[in-house]
Amino acid sequence: MSKLKILVVGCGNMGASHAKAYHELNEEVAICGLVSTGKSKEVLNAALGNKYPLYTDYYTALKETQPDAVCISTYPDTHEAYSIAALEQGCHVFLEKPIASTAAGAERVVEVAKKMNRKVVVGYILRHHPSWQKFIEVAQTMGKPLVMRMNLNQQSHGYMWDVHRNLMKTLSPIVDCAVHYIDVMCQMAVAKPVQVSAIGVRLTDDIPEDNYNYGQLQIRFDDGSVGWYEAGWGPMVSDTAFFIKDVFGPKGSVSIVADKASAAGESDTIDSHTKTEKLKVHHAAIDEDNEFTKPDDWIHLKDEPDHQELCNREQRYFLDAIANNTDLTAHLEDAVNSLKVALACDESVKTGKVVTL
């Protein structure tokens, strides 16, 4: 079989990682171009040996390179238009989350993918992490209802503060980040979100007046489970407790304990966002004296991929989906669902009201 020609659009953090994955998978994939509006494409190309054509305009690159697939890692407000243009040209699409900046836009992407019979994989990187898979599996054994507590606050500065400010031109932190963790909560509870409430605050004049750089959301599920998630971006954000991943139910609890990832000064590095290191499993069973009958268990998984390896695994999944004609209906339904919940939370912040889903 001939190599799959892929156009990489967006050459920053995630785009660079995906391009490196394709570069290593060179027996199956041929990068036909790197696209960015700034200098990131030159920096990435140099890191890859200056092997690839460079483009500033996406639509020009799409027309000239005629790729089989497109990898889109640009800012969210371009995701809908870029994806649809690629799909309508007959390309498969790997798309960084969120799938679009609106629920209607996300549904349009899915509709066009079905119409064109092309694959769309959304970059839910935690779905490819063995420790997160185990975290979800153990959480499902804790009984119902579940209490799910998660956050990812980032004391961003330097380059990452530029990235976050650009993101906040179109989306809030709890929309951009929360889709990951809403997706995780839905997998843990195996239940339907029915109601959300959220709060947010604007802590800097460096972002648009109608946005906020700290937010916290709460979700109620139809099985009685509840969850909260918080996300803050900026140089003023505390990194004391930026990484909480904790679930408990009637039978006990399971928590990600990431000592190294929680180190001071690491909150805005992408590797720290996926490190798990170990899982702590607590058993709630007690005897007649109300003392615990079992000690806590510690799960150490040997397979602890770093951020680049997780991107490699995402791309292998994408290529397999194309090669094996995998049915991605459920994958896309989950991506749209988590975005809808996150957008409802954003609505709650801005209106001050509880939103029923």
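Which residue with a positive phi follows α4? I began my notes here, and found that Gly90 comes after α4, with a phi near 95°. Before going further I wrote down that this is a predicted model, so that every entry below is read as a description of a prediction.

**Entry on helix α4**

I stayed with α4, which covers residues 79-88, and asked how it sits in the structure. Seven of its 10 residues are buried, so the helix is largely enclosed by the rest of the structure. I listed the buried residues as His79, Tyr82, Ser83, Ile84, Ala85, Ala86 and Leu87. Looking for what covers them, I noted that the cover includes the strands β1 (4-9), β4, β5 and β6 (120-123), together with the helices α3 and α5.

**Entry on the nonpolar cores**

I then looked up where the buried nonpolar residues gather, keeping in mind that in soluble globular proteins nonpolar side chains tend to be buried together. The largest nonpolar core here has 91 residues, and Tyr58, Ile99, Met188 and Tyr229 are the ones with the most contacts inside it. Helix α12 gives the most to this core, with 10 residues. Apart from this core lies another, of 23 residues, among which I picked out Val8, Leu48, Ala69 and Val121.

I took Tyr229 for a closer look, and set aside its neighbours within four places in sequence. The residues in contact with Tyr229 include Met150, Asn151 and Leu152, as well as Cys177, Ala178, Tyr181 and Met185. I also found Gly215, Gln216 and Leu217 among the contacts of Tyr229.

**Entry on α1 and α11**

How far apart are the axes of α1 and α11 where they pack? I found the axes 9 Å apart, at an angle of about 65°, with α1 covering residues 13-24. The crossing of α1 past α11 is right-handed. From α1 the residues that take part are Met14, Ser17, His18, Lys20, Ala21 and Tyr22, and they meet His307, Gln308, Cys311, Asn312, Glu314, Gln315 and Phe318 of α11. When I sorted the residues of this contact by kind, they divided into five nonpolar, six polar and two charged.

Ser17, which lies in helix α1, deserved its own lines. Is Ser17 buried or exposed? Its relative accessible area is 8%, under the 20% limit, and therefore I entered Ser17 as buried. Once residues within four places in sequence are left aside, Ser17 is in contact with His307, Gln308 and Cys311. Its side chain also reaches the backbone oxygen of Asn13, at 3.2 Å. I noted too that Ser17 and Leu310, though 293 residues apart in sequence, have C-alpha atoms 9.4 Å apart in space.

**Entry on Val237**

Val237 is found in the loop between β10 (226-232) and β11 (243-249). At 8% relative accessibility, I counted Val237 as buried. Not counting residues up to four places away in sequence, Val237 touches Asn153, Gln154, Gln155 and Gly232. From Val237 to Tyr55, 182 residues away along the chain, I noted a C-alpha separation of 36 Å.

**Entry on His282**

I placed His282 in strand β13, which covers residues 278-283. Its side chain makes a polar contact with the side chain of Asp296, at 2.8 Å. With neighbours within four places in sequence left aside, the residues in contact with His282 are Met142, Lys251, Gly252, Ser253, Phe292 and Asp296.

**Entry on backbone geometry**

Last, I went through peptide bonds and phi values. Lys97 and Pro98 are joined by a cis peptide bond with omega about -10°, and Pro98 is found in the loop between β5 (92-96) and α5 (103-116). Another cis bond runs from Lys144 to Pro145, with omega near -5°, and Pro145 belongs to the loop between α6 (130-139) and β7 (147-152).

Gln66 is not a glycine, but its phi is positive, near 50°. I found Gln66 in the loop between α3 (58-65) and β4 (69-72), and at 44% relative accessibility Gln66 counts as partly exposed. Asn325, also not a glycine, has a positive phi of about 50°. Asn325 lies in the loop between α11 (307-323) and α12 (329-351), where I entered it as exposed, with a relative accessible area of 53%.

Note on methods: Residues numbered from 1 in each chain as written. Predicted model: local features only at pLDDT ≥ 70, side-chain atom pairs only at ≥ 80, totals over all residues. Heavy atoms only, no water. Helix = DSSP H or I, 4+ residues; strand = E, 2+ residues; numbered from the N terminus. Polar contact = N/O pair within 3.5 Å; in protein donor to acceptor, adjacent residues only side chain to side chain. Contact = heavy atoms within 4.5 Å. Buried < 20%, exposed > 50% of the residue type's maximum accessible area, 1.4 Å probe, protein only. Axes fitted to C-alpha atoms, helices over the stretch in contact; angles between N-to-C directions. Left-handed = near helix turned anticlockwise from the far one by under 90°. Nonpolar A, V, L, I, M, F, W, Y, C, P; charged D, E, K, R; others polar. Core = buried A, V, L, I, M, F, W, Y, C linked by side-chain atoms within 4.5 Å.
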